[in-house]
Amino acid sequence: MKKSFLIIALVAGLFACASCSNANSPEGVAKKAISALQKGDYETYASTFDLSESDQKWLAGIAEEKVDTELNDKGGIQSFKITDCQMNGDDKAVVTVHLIYKNGEEEDEHMSYVKVDNQWKQKMNK
């Protein structure tokens with residue numbers, strides 16, 4: 001009986017981890033966006049937003065100009081960790097990402113997501 005409970009718990013844990021790492025989840029898209037920022041890949045970063053293709057190109061240019069400067073001032077992103085994901089129904093979420101910069105600064109970033117055509121996309125915060 002104890003062995004079967006342990007196996008069920010292990011399988012349930014693996015399933016939970018797999019669903020969290022799903023690329024088409026708010027957390028998965030947040031990881032894609034922050035990883036792109038770490039690499040200076042502003043086109044991929046912009047592709048995570050709920051914007052038209054032309055607006056994504058515009059955002060990539062602005063991000064390269066403004067965000068790159070801010071990240072360079074902090075030495076770049078050393079590491080990050082998803083610390084929370086709050087779902088609001090089936091189509092909205094807020095992901096909290098804890099960022100650690102190479103200069104030692106740390107901050108939490110709250111990223112809003114919306115499900116569009118069955119894909120999670122980042123919303124522009126106003």
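Two strands count as paired if DSSP finds at least two bridges between them. In this predicted model, strands E2 and E3 meet that condition, because nine bridges join them where at least two are needed, and the two strands run antiparallel.

## Strand pairing

Strand E1, which covers residues 77-87, is joined to E2 by nine bridges, and these two strands run antiparallel. Strand E2 spans residues 92-101 and E3 spans residues 106-116. Leu 99 in E2 offers a way to follow the pairing across the strands: the bridge partner of Phe 80 in E2 is Leu 99, while in E3 the bridge partner of Leu 99 is Glu 107.

Each pairing is also a hairpin. E1 and E2 have four residues between them, and Gly 89 in that turn has a positive phi of about 75°. E2 and E3 likewise form a hairpin with four residues between them, where Gly 104 in the turn has a positive phi of about 95°.

## Salt bridges

Which charged side chains meet in the three salt bridges of the structure? The pairs are set out below with the N to O distance for each.

| Acidic residue | Basic residue | Closest N to O distance |
|---|---|---|
| Glu 65 | Lys 66 | 3.9 Å |
| Glu 105 | Lys 74 | 4.0 Å |
| Glu 107 | Lys 74 | 3.5 Å |

In the pair formed by Glu 65 and Lys 66, Lys 66 counts as partly exposed, because its relative accessibility of 48% lies between the limits of 20% for buried and 50% for exposed.

The salt bridge between Glu 105 and Lys 74 links distant parts of the chain, since Glu 105 sits in the loop between strands E2 and E3, whereas Lys 74 belongs to the loop between helix H4 (53-73) and strand E1, and the two residues are 31 residues apart. Glu 105 is partly exposed, with a relative accessible area of 40%.

What does the salt bridge between Glu 107 and Lys 74 tie together? Glu 107 lies in strand E3 and Lys 74 in the loop between H4 and E1, so this pair connects parts that are 33 residues apart in sequence. Glu 107 has a relative accessible area of 28% and is therefore partly exposed. Salt bridges that share partners join Lys 74, Glu 105 and Glu 107 into one network.

Glu 107 thus appears in both parts of this report: Glu 107 is the bridge partner of Leu 99 in E3, and Glu 107 also forms a salt bridge with Lys 74.

Definitions and conventions
Residues numbered from 1 in each chain as written. Predicted model: local features only at pLDDT ≥ 70, side-chain atom pairs only at ≥ 80, totals over all residues. Heavy atoms only, no water. Buried < 20%, exposed > 50% of the residue type's maximum accessible area, 1.4 Å probe, protein only.
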